[in-house]
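Visitor: I'd like to learn how to read a model like this one, feature by feature. Could you walk me through it?

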Amino acid sequence: MIVSGSHSQILSAELATVTGRSLATVEYDRFPDGELKVRVPDPPTERAIVVASTPTSDAHLELLQLQDALREAGVPEIVTVLPYMGYARQDKVFETGDPISARAMARAISTGADRVLTVNPHEPAVTDFFDVPADTVDAAGRLAEPLSDLSDPVFVAPDDGAVGIAETVRDAYGGGATDYFEKTRHSSTEVEIEPRDADVAGRDVVLTDDIVATGSTMAEAVDALDARDAARVLVTCVHPMLARNAVLKLSSAGVEAIYGTDTLERAVSEVSVAPAIAEML
Ligand code: R5P
(Lines give C-alpha, C1' and ligand atoms only; values in the text may rest on other atoms or scores of the structure.)
Protein backbone atom coordinates (compact mmCIF):
# COMPACT_ATOMS: atom_id res chain seq x y z
CA MET A 1 0.00 0.00 0.00
CA ILE A 2 1.20 3.50 -0.82
CA VAL A 3 0.99 6.09 1.93
CA SER A 4 1.39 9.65 0.72
CA GLY A 5 2.79 12.75 2.35
CA SER A 6 0.74 15.87 1.70
CA HIS A 7 3.29 17.23 -0.81
CA SER A 8 3.32 14.06 -2.93
CA GLN A 9 -0.33 13.24 -3.54
CA ILE A 10 -0.25 13.41 -7.34
CA LEU A 11 2.93 11.35 -7.55
CA SER A 12 1.61 8.81 -5.05
CA ALA A 13 -1.57 8.35 -7.07
CA GLU A 14 0.50 7.87 -10.21
CA LEU A 15 2.76 5.38 -8.45
CA ALA A 16 -0.30 3.46 -7.29
CA THR A 17 -1.49 3.28 -10.91
CA VAL A 18 1.90 2.29 -12.29
CA THR A 19 2.48 -0.43 -9.68
CA GLY A 20 -1.12 -1.61 -9.25
CA ARG A 21 -0.88 -0.97 -5.50
CA SER A 22 -3.63 0.59 -3.43
CA LEU A 23 -3.43 4.10 -2.05
CA ALA A 24 -4.01 4.65 1.67
CA THR A 25 -6.27 7.40 2.91
CA VAL A 26 -4.28 9.87 4.98
CA GLU A 27 -5.70 12.71 7.03
CA TYR A 28 -3.51 15.80 7.40
CA ASP A 29 -4.59 17.96 10.29
CA ARG A 30 -3.39 20.53 12.80
CA PHE A 31 -4.13 21.09 16.43
CA PRO A 32 -5.39 24.54 17.41
CA ASP A 33 -1.86 25.51 18.50
CA GLY A 34 -0.58 24.80 14.99
CA GLU A 35 1.08 21.46 15.65
CA LEU A 36 0.72 18.92 12.86
CA LYS A 37 -1.14 15.66 13.17
CA VAL A 38 -1.47 13.00 10.51
CA ARG A 39 -3.62 9.89 10.68
CA VAL A 40 -3.81 6.75 8.55
CA PRO A 41 -7.27 5.42 9.46
CA ASP A 42 -6.88 2.07 7.67
CA PRO A 43 -3.20 1.24 7.86
CA PRO A 44 -1.79 -1.54 5.71
CA THR A 45 -1.09 -4.92 7.23
CA GLU A 46 1.87 -5.61 4.96
CA ARG A 47 4.63 -3.48 3.45
CA ALA A 48 3.95 0.26 3.37
CA ILE A 49 5.57 2.54 0.83
CA VAL A 50 5.61 6.06 2.21
CA VAL A 51 6.03 8.63 -0.55
CA ALA A 52 6.79 12.04 0.89
CA SER A 53 8.75 14.93 -0.54
CA THR A 54 10.06 17.21 2.19
CA PRO A 55 10.35 20.71 0.72
CA THR A 56 9.42 22.32 4.06
CA SER A 57 10.27 21.76 7.71
CA ASP A 58 6.63 20.82 8.36
CA ALA A 59 6.87 18.19 5.64
CA HIS A 60 9.77 16.58 7.52
CA LEU A 61 7.72 16.45 10.72
CA GLU A 62 4.74 15.10 8.82
CA LEU A 63 6.90 12.30 7.40
CA LEU A 64 8.19 11.34 10.85
CA GLN A 65 4.60 11.20 12.10
CA LEU A 66 3.49 9.08 9.13
CA GLN A 67 6.27 6.58 9.73
CA ASP A 68 5.48 6.49 13.44
CA ALA A 69 1.75 5.99 12.84
CA LEU A 70 2.53 3.02 10.60
CA ARG A 71 4.98 1.48 13.09
CA GLU A 72 2.44 1.95 15.88
CA ALA A 73 -0.17 0.15 13.75
CA GLY A 74 2.20 -2.82 13.45
CA VAL A 75 3.18 -2.42 9.79
CA PRO A 76 6.02 -4.92 9.36
CA GLU A 77 8.04 -3.10 6.68
CA ILE A 78 8.25 0.57 5.81
CA VAL A 79 9.96 1.78 2.64
CA THR A 80 10.26 5.55 2.62
CA VAL A 81 10.55 7.25 -0.75
CA LEU A 82 11.82 10.83 -0.71
CA PRO A 83 11.03 12.13 -4.20
CA TYR A 84 12.55 15.46 -3.13
CA MET A 85 14.68 15.39 -0.01
CA GLY A 86 14.76 18.78 1.65
CA TYR A 87 17.90 20.02 3.42
CA ALA A 88 19.96 17.67 1.22
CA ARG A 89 22.07 20.49 -0.19
CA GLN A 90 23.50 21.31 3.28
CA ASP A 91 25.48 18.09 3.09
CA LYS A 92 28.74 19.34 4.60
CA VAL A 93 30.17 22.04 6.82
CA PHE A 94 30.60 25.03 4.51
CA GLU A 95 31.50 27.45 7.34
CA THR A 96 32.67 26.78 10.87
CA GLY A 97 29.70 26.11 13.09
CA ASP A 98 27.45 24.78 10.31
CA PRO A 99 25.30 21.68 10.81
CA ILE A 100 25.25 18.84 8.32
CA SER A 101 21.52 19.19 7.94
CA ALA A 102 21.22 16.36 5.42
CA ARG A 103 22.72 13.96 7.96
CA ALA A 104 20.41 15.19 10.74
CA MET A 105 17.36 14.67 8.54
CA ALA A 106 18.58 11.27 7.30
CA ARG A 107 19.18 10.02 10.83
CA ALA A 108 15.71 11.09 11.95
CA ILE A 109 14.03 9.49 8.92
CA SER A 110 16.02 6.27 9.48
CA THR A 111 14.36 5.78 12.87
CA GLY A 112 11.05 5.02 11.15
CA ALA A 113 12.07 3.30 7.92
CA ASP A 114 13.49 -0.06 6.90
CA ARG A 115 14.69 1.22 3.54
CA VAL A 116 14.92 4.63 1.89
CA LEU A 117 14.88 5.74 -1.76
CA THR A 118 15.72 9.29 -2.81
CA VAL A 119 15.22 10.63 -6.32
CA ASN A 120 18.23 12.43 -7.86
CA PRO A 121 19.60 13.92 -4.65
CA HIS A 122 22.03 16.80 -5.15
CA GLU A 123 24.89 14.50 -4.04
CA PRO A 124 24.26 10.75 -4.32
CA ALA A 125 26.52 10.26 -1.27
CA VAL A 126 23.69 11.65 0.87
CA THR A 127 22.51 8.03 1.05
CA ASP A 128 25.49 7.32 3.36
CA PHE A 129 23.85 9.46 6.04
CA PHE A 130 20.96 7.03 6.51
CA ASP A 131 21.22 4.31 9.14
CA VAL A 132 19.13 1.93 6.99
CA PRO A 133 19.76 0.73 3.41
CA ALA A 134 19.31 3.72 1.10
CA ASP A 135 19.46 3.99 -2.69
CA THR A 136 19.04 6.70 -5.26
CA VAL A 137 16.54 6.67 -8.12
CA ASP A 138 17.73 8.26 -11.35
CA ALA A 139 14.68 9.80 -12.99
CA ALA A 140 16.56 12.30 -15.18
CA GLY A 141 15.82 10.34 -18.35
CA ARG A 142 12.12 11.18 -17.94
CA LEU A 143 12.98 14.82 -18.68
CA ALA A 144 13.40 13.99 -22.37
CA GLU A 145 9.68 13.17 -22.67
CA PRO A 146 8.32 16.66 -23.41
CA LEU A 147 11.20 17.53 -25.76
CA SER A 148 10.64 17.23 -29.48
CA ASP A 149 11.85 18.65 -32.79
CA LEU A 150 15.01 20.14 -31.35
CA SER A 151 17.36 21.60 -33.92
CA ASP A 152 20.94 20.32 -33.58
CA PRO A 153 20.50 20.27 -29.79
CA VAL A 154 23.07 20.81 -27.07
CA PHE A 155 22.23 19.62 -23.57
CA VAL A 156 24.05 21.98 -21.22
CA ALA A 157 24.61 21.62 -17.48
CA PRO A 158 25.06 24.94 -15.65
CA ASP A 159 27.90 23.35 -13.63
CA ASP A 160 30.03 20.23 -13.84
CA GLY A 161 27.99 18.53 -11.09
CA ALA A 162 25.00 18.28 -13.42
CA VAL A 163 26.84 16.86 -16.45
CA GLY A 164 25.55 13.37 -15.71
CA ILE A 165 21.97 14.64 -15.85
CA ALA A 166 22.64 16.40 -19.18
CA GLU A 167 24.07 13.17 -20.61
CA THR A 168 21.15 11.12 -19.35
CA VAL A 169 18.61 13.51 -20.87
CA ARG A 170 20.56 13.58 -24.16
CA ASP A 171 20.66 9.78 -24.28
CA ALA A 172 16.95 9.53 -23.52
CA TYR A 173 16.19 12.13 -26.21
CA GLY A 174 18.22 10.12 -28.66
CA GLY A 175 20.89 12.50 -29.90
CA GLY A 176 22.72 15.77 -29.50
CA ALA A 177 25.83 17.12 -27.81
CA THR A 178 26.46 17.83 -24.14
CA ASP A 179 28.47 20.55 -22.46
CA TYR A 180 28.71 22.33 -19.13
CA PHE A 181 29.53 25.74 -17.70
CA GLU A 182 31.75 26.66 -14.76
CA LYS A 183 29.75 28.00 -11.83
CA THR A 184 30.88 29.97 -8.79
CA ARG A 185 28.31 30.49 -6.06
CA HIS A 186 28.71 33.73 -4.08
CA SER A 187 25.59 33.35 -1.92
CA SER A 188 22.30 31.45 -1.87
CA THR A 189 20.96 33.80 -4.55
CA GLU A 190 24.08 34.99 -6.36
CA VAL A 191 25.97 32.84 -8.82
CA GLU A 192 28.45 33.54 -11.54
CA ILE A 193 28.52 31.44 -14.69
CA GLU A 194 31.75 31.21 -16.65
CA PRO A 195 30.93 29.93 -20.16
CA ARG A 196 33.38 27.48 -21.62
CA ASP A 197 33.79 27.13 -25.35
CA ALA A 198 30.32 25.71 -25.86
CA ASP A 199 29.35 25.79 -29.53
CA VAL A 200 25.71 26.84 -29.25
CA ALA A 201 25.27 29.44 -32.02
CA GLY A 202 22.07 28.75 -33.95
CA ARG A 203 21.42 25.55 -31.98
CA ASP A 204 18.60 24.66 -29.59
CA VAL A 205 19.86 24.41 -26.02
CA VAL A 206 18.32 22.34 -23.26
CA LEU A 207 19.65 23.44 -19.88
CA THR A 208 19.51 20.56 -17.40
CA ASP A 209 20.02 20.52 -13.63
CA ASP A 210 18.92 18.55 -10.59
CA ILE A 211 17.02 21.47 -9.09
CA VAL A 212 15.93 24.96 -10.02
CA ALA A 213 15.51 26.78 -6.72
CA THR A 214 15.73 30.58 -7.00
CA GLY A 215 16.47 30.30 -10.73
CA SER A 216 19.68 32.34 -10.35
CA THR A 217 21.87 29.57 -11.78
CA MET A 218 19.66 29.03 -14.81
CA ALA A 219 19.11 32.76 -15.45
CA GLU A 220 22.89 33.31 -15.51
CA ALA A 221 23.29 30.35 -17.84
CA VAL A 222 20.61 31.74 -20.18
CA ASP A 223 22.44 35.08 -20.33
CA ALA A 224 25.63 33.26 -21.26
CA LEU A 225 23.80 31.34 -23.99
CA ASP A 226 22.21 34.51 -25.36
CA ALA A 227 25.63 36.09 -25.64
CA ARG A 228 26.62 33.12 -27.77
CA ASP A 229 23.56 33.32 -30.07
CA ALA A 230 21.83 30.11 -29.03
CA ALA A 231 18.53 29.53 -30.83
CA ARG A 232 15.78 28.26 -28.49
CA VAL A 233 16.59 27.80 -24.79
CA LEU A 234 14.58 25.33 -22.71
CA VAL A 235 15.06 24.56 -19.02
CA THR A 236 14.62 21.09 -17.56
CA CYS A 237 15.19 19.93 -14.00
CA VAL A 238 14.23 16.98 -11.85
CA HIS A 239 13.11 19.10 -8.89
CA PRO A 240 11.21 22.26 -9.92
CA MET A 241 11.41 24.04 -6.57
CA LEU A 242 10.94 27.42 -8.30
CA ALA A 243 11.22 29.48 -5.12
CA ARG A 244 10.39 33.16 -4.96
CA ASN A 245 10.32 34.75 -8.43
CA ALA A 246 12.20 31.98 -10.24
CA VAL A 247 9.60 31.59 -12.99
CA LEU A 248 9.60 35.32 -13.74
CA LYS A 249 13.39 35.35 -13.71
CA LEU A 250 13.60 32.56 -16.26
CA SER A 251 10.79 33.82 -18.45
CA SER A 252 12.20 37.33 -18.62
CA ALA A 253 15.62 35.86 -19.40
CA GLY A 254 14.02 34.43 -22.55
CA VAL A 255 13.48 30.78 -21.65
CA GLU A 256 10.95 29.21 -24.02
CA ALA A 257 9.74 26.51 -21.63
CA ILE A 258 10.45 25.05 -18.20
CA TYR A 259 9.93 21.33 -17.63
CA GLY A 260 10.22 19.50 -14.31
CA THR A 261 9.03 16.29 -12.73
CA ASP A 262 6.44 15.62 -10.06
CA THR A 263 8.95 15.23 -7.20
CA LEU A 264 7.67 18.72 -6.47
CA GLU A 265 4.13 19.35 -7.66
CA ARG A 266 4.21 22.54 -9.68
CA ALA A 267 2.53 23.83 -12.84
CA VAL A 268 5.65 22.79 -14.80
CA SER A 269 5.69 19.21 -13.47
CA GLU A 270 5.16 17.74 -16.91
CA VAL A 271 6.60 14.30 -16.31
CA SER A 272 6.25 11.72 -13.57
CA VAL A 273 9.08 9.94 -11.79
CA ALA A 274 6.64 7.16 -10.82
CA PRO A 275 7.96 4.63 -13.40
CA ALA A 276 11.55 5.22 -12.24
CA ILE A 277 10.56 4.72 -8.58
CA ALA A 278 8.49 1.63 -9.47
CA GLU A 279 11.58 0.01 -11.00
CA MET A 280 13.46 0.37 -7.70
CA LEU A 281 10.70 -0.92 -5.41
C1 R5P B 1 23.60 23.29 -7.19
O2 R5P B 1 24.73 23.02 -7.61
C3 R5P B 1 22.37 22.73 -7.82
O4 R5P B 1 22.69 21.75 -8.75
C5 R5P B 1 21.55 23.81 -8.52
O6 R5P B 1 22.28 24.33 -9.60
C7 R5P B 1 21.21 24.92 -7.58
O8 R5P B 1 20.82 24.44 -6.34
C9 R5P B 1 20.13 25.79 -8.17
O10 R5P B 1 19.83 26.82 -7.27
P11 R5P B 1 19.30 28.22 -7.78
O12 R5P B 1 18.16 27.95 -8.71
O13 R5P B 1 18.88 28.92 -6.53
O14 R5P B 1 20.43 28.92 -8.46
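Visitor: Let's begin with Lys-183: what is the place of this residue?

Guide: Bear in mind that we're looking at a predicted model. Lys-183 sits in strand S10, which runs over residues 182–185. The UniProt record, an unreviewed entry, lists Lys-183 under "active site", and such annotations may be inferred rather than shown by experiment.

Visitor: Is Lys-183 buried, exposed or partly exposed?

Guide: Look at relative accessible area: under 20% is buried, over 50% is exposed, and partly exposed is in between. Lys-183 comes out at 27%, so it counts as partly exposed.

Visitor: And which residues does Lys-183 touch, if I skip those up to four places away in sequence?

Guide: Pro-158, Asp-159, Val-191, Glu-192, Ile-193 and Thr-217.

Visitor: Asp-159 is on that list. Where is Asp-159 found?

Guide: Asp-159 is in the loop between S8 and H4. With a relative accessibility of 13%, it falls under the 20% cut-off, so it counts as buried. Its side chain reaches the backbone nitrogen of Gly-161 at 3.1 Å. Beyond its sequence neighbours within four places, Asp-159 contacts Tyr-180, Phe-181 and Lys-183.

Visitor: What about Asp-160: buried or exposed?

Guide: Asp-160 is also found in the loop between S8 and H4. Its relative accessible area is 53%, so Asp-160 is exposed.

Visitor: How do I spot parts of the chain that meet despite their separation in sequence? Which residues is Asp-160 in contact with, leaving aside neighbours within four places?

Guide: Use C-alpha distances along with heavy-atom contacts. Asp-160 is in contact with Tyr-180 and Phe-181. Asp-160 and Tyr-180 are 20 residues apart along the chain, yet their C-alpha atoms are separated by 5.8 Å.

Visitor: On to helices. Which residues of H4 are buried?

Guide: For a helix, find the buried residues and then see how they are arranged around the axis. In H4, residues 163–173, the buried ones include Val-163, Ile-165, Ala-166 and Val-169. They cover an arc of only 160° around the axis, so they lie on the same side of H4. The cover over the buried residues of H4 includes strands S8 (154–157), S9 (177–180) and S12 (205–212). After H4 comes Gly-174, with a positive phi near 105°.

Visitor: Let me try H2. Which residues are buried there?

Guide: Ala-59, His-60, Glu-62, Leu-63, Leu-66, Gln-67 and Leu-70 are buried in H2. Their arc is only 165° around the axis, which puts them on the same side of H2. Asp-68 and Glu-72 are exposed on the other side.

Visitor: What do the buried residues of H2 pack against?

Guide: Their partners include strands S1 (2–4), S2 (27–30) and S5 (78–82), along with helix H3 (101–110).

Visitor: How can I check the length of a helix? How far apart are the end C-alpha atoms of H5?

Guide: Compare the expected span with the end-to-end distance. H5 has 12 residues, 216–227, so at 1.5 Å a residue it should span 16 Å; its end C-alpha atoms are 17 Å apart, which agrees. H2 passes that check too: its 16 residues should span 22 Å, and the ends are 23 Å apart.

Visitor: What covers the buried residues of H5?

Guide: The buried residues of H5 are Ser-216, Thr-217, Met-218, Ala-219, Ala-221, Val-222, Ala-224 and Leu-225. Their cover includes S10, S11 (191–194), S12, S13 (233–240) and helix H6 (246–253).

Visitor: Now the ligand. Which residues come nearest?

Guide: List the residues around it, then look at the polar atom pairs. Of the 14 residues around the ligand, Arg-89, Asp-209, Asp-210, Thr-214 and Thr-217 come nearest. A side-chain N or O atom of Asp-210 is 2.5 Å from a ligand oxygen. For Thr-217, a polar side-chain atom lies 2.6 Å from an oxygen of the ligand, and for Arg-185 the corresponding distance is 3.3 Å.

Visitor: One last feature, backbone angles. What is phi of Asp-152?

Guide: Check the sign of phi, and whether the residue is a glycine. Asp-152 has a positive phi near 45° and is not a glycine. Asp-152 lies in the loop between S7 and S8. Asp-149, placed in the loop between S7 and S8, has a positive phi of about 50° and isn't a glycine either. At 70% relative accessibility, Asp-149 counts as exposed, whereas Asp-152, at 47%, is partly exposed.

Terms used
Residues are numbered from 1 along each chain as its sequence is written. This is a predicted model: local features need pLDDT of at least 70, side-chain atom pairs count only at pLDDT 80 or more; totals for chains, interfaces and linings use all residues. Side-chain values use heavy atoms; hydrogens and water are left out. Helices (H or I, at least four residues) and strands (E, at least two) are DSSP runs, numbered from the N terminus. Buried means under 20% relative accessible area, exposed over 50%, partly exposed in between (1.4 Å probe, protein chains only). Contact means heavy atoms within 4.5 Å. The arc is that of the directions from the helix axis to the C-beta atoms. The expected span of a helix is 1.5 Å times one less than its number of residues. A residue is near a molecule or strand if one of its heavy atoms lies within 4 Å of it. A polar contact is a pair of N or O atoms within 3.5 Å; within protein, one must be able to donate a hydrogen and the other to accept it, and residues adjacent in sequence count only if both atoms are side-chain atoms.
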